[in-house]
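Trainee: I have a new structure to look at and would like to learn how to read it. Could you walk me through it step by step?

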Amino acid sequence: MLHQTNFDSIQSLVKKTAKFYKPFNLFYGNLITSYLTSWNGKRLITEKLSPGIHVISTGDVDDLKNAKVRRALELVKKNQETTMPQDILPTDWRDLFFHLIQVCKDHEPEKDLKGTICRHDKPVKTVASSLFALGNRGVNYSFFWHLVGNPCQASYRDYTQLTRKVAVLQRAPAATSTA
Ligand SMILES: [Zn+2]
């Protein structure tokens, strides 16, 4: 999917391959627009997302009937003014990431755990967590942090170099054709 260079090619590839996968939500976008393509095992639906904060879990986007989504929206929107910079600089991403890490580590005090984001109980145990930020000057100004395990126990590692490699791969064909 990372090698697709536009939304049409992503959507075309998903149409051809969705039937081979269990139900999923696929988020993709650029600085101007973003989409969510959902496969429920029978139907493929693509929707354009409005600008702003969204939480995507296993069901519908921003599904307030889902306790986990409701909890995440509440936590992400807390102190939104100070954590969502308008003019993006690398240091601002760091502040935003630290806020989002707190969201990913969240253990709701309720006994039924339905709203808990960092799950330790099978079969819904959290197995990994990723934070990705697309900079306003393109992939070369983006950030990607990832961890394997529970966010409250493991530490995120910086894999930003991987986004730089994707950017180089996407440029390669154009450079070849003009040579
Ligand atoms: Zn935890």
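Mentor: Gladly! Let's begin with a term: helices and strands are DSSP runs, numbered from the N terminus. Keep in mind, too, that this is a predicted model.

Trainee: How many helices and strands does the chain have?

Mentor: There are five helices and six strands. Read from the N terminus, the elements follow the order α-β-β-β-α-α-α-β-β-β-α.

Trainee: Where is Asp62 found?

Mentor: Asp62 sits in the loop between E3 and H2. Its backbone deserves a look. Most residues other than glycine have a negative phi. Asp62, however, has a positive phi, near 55 degrees.

Trainee: Why does Asp62 count as partly exposed?

Mentor: Because Asp62 has 18 C-beta neighbours inside 10 Å. A residue is buried if 20 or more other C-beta atoms lie within that distance, and exposed if 12 or fewer, with partly exposed in between.

Trainee: Let me try that on another residue. Is Lys48 buried or exposed?

Mentor: Lys48 is exposed, because 10 other C-beta atoms lie within 10 Å. This residue belongs to strand E3, residues 44–49.

Trainee: Which residues does Lys48 touch, not counting those up to four places away in sequence?

Mentor: Lys48 touches Thr33 and Tyr35. You can also compare sequence and space: Lys48 and Tyr28 are 20 residues apart in sequence, and their C-alpha atoms are 9.9 Å apart.

Trainee: What about the buried part? Which residues make up the largest nonpolar core?

Mentor: The general idea is that a nonpolar core joins buried residues of certain types through C-beta atoms within 7 Å. Here the largest one has nine residues: Val55, Val69, Ala72, Leu100, Cys104, Ile117, Leu131, Phe144 and Trp145. Helix H2 (67–77), helix H4 (90–104) and strand E5 (138–148) each give two or more residues to this core. Across the whole chain of 179 residues, 11% count as buried.

Trainee: Leaving aside neighbours within four places in sequence, which residues is Cys104 in contact with?

Mentor: Cys104 is in contact with Ile117, Cys118, Ser129 and Pro151. For the chain overall, take the contacts between residues at least 6 apart in sequence: 35% of them join residues at least 24 apart.

Trainee: One last backbone feature, please. Is the peptide bond from Lys122 to Pro123 cis or trans?

Mentor: As a rule, most peptide bonds are trans. The bond from Lys122 to Pro123 is cis, with omega near 5 degrees. To find the spot, look in the loop between H4 and strand E4 (128–135), where Pro123 lies.

Technical notes: Residues are numbered from 1 along each chain as its sequence is written. This is a predicted model: local features need pLDDT of at least 70, side-chain atom pairs count only at pLDDT 80 or more; totals for chains, interfaces and linings use all residues. Helices (H or I, at least four residues) and strands (E, at least two) are DSSP runs, numbered from the N terminus. Two residues are in contact if their C-beta atoms, placed from the backbone, lie within 7 Å.
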